Amino acid sequence: MTEPTGRERGTEDPRIRRAWLLFAVAFFALGVIVVSRLAIERNAIDMAIAALLVVVGFAAVRHRVAVGALEAGRRGEAESFARILQGLSRSVSPDAIVDAIIEELGTGTGADHVVIVRRRPDARVLEATLVNARTGGSTSSTLFPIGDLDDPPELDRDAAGRPLVAVPIEVDDVLAPTPIRLVSSRAIVPTDDAPQPPAVEPRAIERRAGIGAFAGRGRDADPGLLVAERIAGRARSVFGLRHTLVAPLTSDRGQIGALLISKRTAGPWPASASRLLVGAAVEASAALSRAYSHRQAEARASTDGLTGLPNRRYFDEVCALQARRRRADDSVGILMIDIDRFKALNDRHGHQVGDQVLRQVAGAIVSAVREDDVPARYGGEEFAVLLKNPTPGMAVEVGERVRTAVGRLDLAPWGVASVSVSVGAAVAGDADEPIAATIEAADRALYRAKKRGRDQVVAA
């Protein structure tokens, strides 16, 4: 254990300094008395007292150094946690949250590597990010299967042995975090005939690496800890890690990932590393939950509630963004799509059937456009599609695919024989041409398609 610096010693608790001052004065006075007695007459008792004074003095100095180092360590731990909190308070995106945690966690715990595995809000996958804590760089990212978040198979049966129904974890409504505990692991390769270890307290579950079974398995094991350790096992295998300590990232709606630290050398992790990892996991859970909730709120504000397509607000924002990023050789196309005689359909069959028709038409449009195109519900029975880098012929071709897909819809379950759409297509080949002008041109082409008898595609 290293001796604290002068700065650290000067900032320690004043009560400790006063206690040590009192001890030093009393020890010095006792030493003077013993030395005075030895100067007058040497006897065995005084010699023994003098030897004990030397031992006690040496022990006291060692204790003083240990207390100073312990206090300095706790102060550093508190400062690291404060910096993590400060970084999280400025982070609004999941990526910024990851950056705010990883660097300081590696420094504060003495880990060689830090890995954060989190569920992506936009896909059913886990994203794992590893950072070399010693260099502050060497970042590596990969995807883990979402099945790593499922309940452990050991807990899939009730007390009578009957199988339980698994409840999938959904992305929506990730809310406030729940309490977090730790799982530690050692990289020991199991053998097929290795005996199963006995059940242990879930706060410190030891697990064999590789394909070995969980220690502490059974009905008393904490599912969150087992899931976290399963994620850590995959991280050890994928990234080649050895001695890890892991804490789950969780919310009151389920587990959303895990946070783990790794070191190359064997041996137990210090208590300060465990405390800092737990604190960071709790705060990261809360920050990720807030970020996901904010992103979900933004998605709901930009999505049409009936069809699930982007709404006009989102479509206008994408068009504005596309206009700013256009290069000289980029082209932009617009399809304006309108359901033919939709008002008469609503009057004849009712608004509930009309809503079903809108949903089916929206699905047909999504299936017909290209992957990079952006379909949206523009308003009422009208839809729009932003086409990226199309030729005029390509825009008409996509419009024809949309018209054909809608015409093939099976609407018999709702008592509707069929529906058709009219499509107006326009392409702006000039980078200086405003997208708003292209939308107007496509709208005029749509009007001509209506005038010419509907159920057709007209180019501007």
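These questions concern a sheet and its helices in a predicted model.

Q: In what order do the 5 strands of the open sheet run?
A: The pairing in this sheet is mixed. Its edge strands, each paired on one side only, are β8 (374–379) and β11 (457–459). Neighbouring strands are turned by 20° against each other on average, direction ignored. From one edge to the other, the order is β8-β9-β7-β10-β11.

Q: Which residue of β10 stands opposite M336?
A: Strand β7 covers residues 332–339 and strand β10 covers residues 421–428. The two pair in the antiparallel sense over 8 bridges. Opposite M336 stands G424.

Q: At about what angle to β10 does helix α11 run?
A: Helix α11 spans residues 435–451. It lies across β7, β8, β9 (382–388), β10 and β11. Relative to β10, the angle is about 145°.

Q: What covers the buried residues of α9?
A: Helix α9 is formed by residues 351–368. Its buried residues are V353, G354, V357, L358, V361, A362, A364, I365 and A368. Their cover includes β7, α8 (342–349), β8, β9, α10 (392–407) and β10.

Q: Why do α8 and α9 count as oblique to each other?
A: The axes of these helices come within 7 Å and cross at roughly 135°. Angles over 145 would count as roughly antiparallel, and 65 to 115 as roughly perpendicular. The crossing of α8 and α9 falls in neither class, and the pair is therefore oblique.

Q: How do the residues of the contact of α8 with α9 divide?
A: From α8 come F342, L345, N346 and H349. They meet H351, V353, G354, V357 and L358 in α9. The division is 5 nonpolar, 4 polar and no charged.

How values were computed. Residues are numbered from 1 along each chain as its sequence is written. This is a predicted model: local features need pLDDT of at least 70, side-chain atom pairs count only at pLDDT 80 or more; totals for chains, interfaces and linings use all residues. Side-chain values use heavy atoms; hydrogens and water are left out. Two strands pair if DSSP finds at least two bridges between them. Helices (H or I, at least four residues) and strands (E, at least two) are DSSP runs, numbered from the N terminus. Axes are lines fitted to C-alpha atoms, for helices over the stretch in contact, and angles run from 0 to 180 degrees between N-to-C directions. Contact means heavy atoms within 4.5 Å. The expected span of a helix is 1.5 Å times one less than its number of residues. Buried means under 20% relative accessible area, exposed over 50%, partly exposed in between (1.4 Å probe, protein chains only). Angles under 35 degrees count as roughly parallel, over 145 as roughly antiparallel, 65 to 115 as roughly perpendicular and the rest as oblique. Ala, Val, Leu, Ile, Met, Phe, Trp, Tyr, Cys and Pro count as nonpolar, Asp, Glu, Lys and Arg as charged, and the others, Gly among them, as polar.
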